[in-house]
Amino acid sequence: MRSLAFALALLTVLPVRSPAPTPRLGAGALRWAPVVGAALGALAGGLLVGLAALGVPTLAAGLLGVGFLALATRGLHVDGLADTADGLGCYGPPERALAVMRDGGVGAFAVSALVVVLGVQAVALGALAGAGPWAVAAVALAAATGRAGFGWVARRGVPPARPGGLGALVAGSQSWWVPVAWWAALAAAGLVIGPRAAVGVALGAALVVALSAHTARRFGGMTGDVLGAANELAVTAVLLAVATG
């Protein structure tokens, strides 16, 4: 329960009291992350259904859904996507990329990534707004799949790219089978929604695997920003798959 409290305090805006962070708590929090994600996704899906019932235009509903998820996580994952995009887009050795990511500014690569990824999420959420309970299930599945990728990014054998921060706290803390088990369970659950949902989970997992491999080479390891980027890519894959067709 201490790990769950830490996961809620770390990954949401809920005023949850948790003990001081330790590697053990960080590792446990990553294992709870898909559950936290599913809860946030269900709330976002419920918001979409409510907005649709009020007659809010679908794209506006989708944008509000994206905004809710960003607010509910203090923008943590969105910020990670932006910083990772800027780091990957710069020239130079890993030290240069990490310095760009620490800078706090928003470069052209970050803006492009945010516009494309969040734009696709908003359109997909808007398309799901009128689906009733299925929208709640689909968004919960997408959000859980995104957080399941944390375990792969922080798997054993991948060092922290720099000392300090969330990356150093959780790097190398997860067995490879933990995220794989989560992905398999989520893909099976997605079949209840439809084959496209299961395909979306598989696509999201593939994107996380590719991102982790590339960032580990480019940065010399993993960072907390990569966790956020992995989440946003996987969430987008599931939402787009479910909303297509």
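A salt bridge here is a side-chain nitrogen of Lys or Arg that lies within 4 Å of a carboxyl oxygen of Asp or Glu. With that in hand, here are legends for close-up views of this predicted model.

**View 1. The salt bridge between Arg162 and Asp225.** By the rule above, the count for the structure comes to one salt bridge. Its partners are Arg162 and Asp225, whose closest N and O atoms are 3.8 Å apart; the pair qualifies because the limit is 4 Å. Arg162 sits in the loop between α7 and α8, while Asp225 belongs to helix α11 (residues 224-243), so the contact ties together parts that are 63 residues apart in sequence. Asp225 is buried, at a relative accessible area of 11%.

**View 2. The tilted aromatic pair of Trp152 and Trp183.** One aromatic pair is found in the structure. The ring centres of Trp152 and Trp183 are 6.2 Å apart, and their planes make an angle of 40 degrees. That angle counts as tilted because stacked rings need planes under 30 degrees apart and edge-to-face rings over 60. Distant parts of the chain are linked here: Trp152 is in helix α7 (residues 133-153) and Trp183 in helix α9 (residues 177-193), with their positions 31 residues apart in the numbering. What is the relative accessible area of each partner? Trp152 has 16% and Trp183 has 8%, so both are buried under the 20% cut-off.

**View 3. A positive patch with Arg156 as one of its members.** Four arginines, Arg2, Arg24, Arg31 and Arg156, form this positive patch on the surface. Arg156 is located in the loop between α7 and α8 (165-170). Buried or exposed: which word fits Arg156? With a relative accessible area of 56%, Arg156 is exposed, because the threshold for that word is over 50%.

**View 4. A nonpolar patch made of valines.** On the surface, Val106, Val111, Val115 and Val116 come together as a nonpolar patch, and their combined accessible area is about 360 Å². Among them, Val111 lies in helix α6 (residues 108-128) and is partly exposed, at a relative accessible area of 43%.

**View 5. Ala110 in helix α6, and Asp83.** Ala110 also lies in helix α6, but at 0% relative accessibility Ala110 counts as buried. Look for Asp83 too: the C-alpha atoms of Ala110 and Asp83 are separated by 6.5 Å, although the two residues are 27 apart along the chain.

**View 6. Helix α3 and the loop after it, with Phe68, Ala72 and Arg74.** Phe68 lies in helix α3 and is partly exposed, with a relative accessible area of 26%. From Phe68 to Leu47, 21 residues away along the chain, the C-alpha separation is 8.6 Å. Ala72 is found in helix α3 (residues 58-72) as well, and Ala72 is buried at 10% relative accessible area. Another pair to trace is Ala72 and Ala213: they are 141 residues apart along the chain, and 29 Å separates their C-alpha atoms. Arg74 is in the loop between α3 and α4 (76-89) and is partly exposed, at 47% relative accessible area. What sign does the phi of Arg74 have? The phi of Arg74 is positive, about 60 degrees, although this residue is not a glycine. Most residues other than glycine have a negative phi, so a backbone angle of this kind is worth a look.

**View 7. Leu4 of helix α1, with Trp32.** Leu4 is part of helix α1 (residues 2-11). Its relative accessible area is 21%, so Leu4 is partly exposed; the cut-off for buried is under 20%. How many residues apart in sequence are Leu4 and Trp32? They are 28 residues apart in sequence, and in space their C-alpha atoms are 6.0 Å apart.

Key. Residues numbered from 1 in each chain as written. Predicted model: local features only at pLDDT ≥ 70, side-chain atom pairs only at ≥ 80, totals over all residues. Heavy atoms only, no water. Phe/Tyr/Trp six-rings, centres within 6.5 Å; stacked < 30°, edge-to-face > 60°. Helix = DSSP H or I, 4+ residues; strand = E, 2+ residues; numbered from the N terminus. Buried < 20%, exposed > 50% of the residue type's maximum accessible area, 1.4 Å probe, protein only. Patch = residues over 30% accessible without salt bridge, like charges linked within 9 Å, V, L, I, M, F, W, Y side chains within 5 Å. Areas by Shrake-Rupley, 256 points an atom, 1.4 Å probe, with all protein chains shown as cover. Lys, Arg positive; Asp, Glu negative; His and termini not counted. Charge placed at Lys NZ, Arg CZ, Asp CG, Glu CD.
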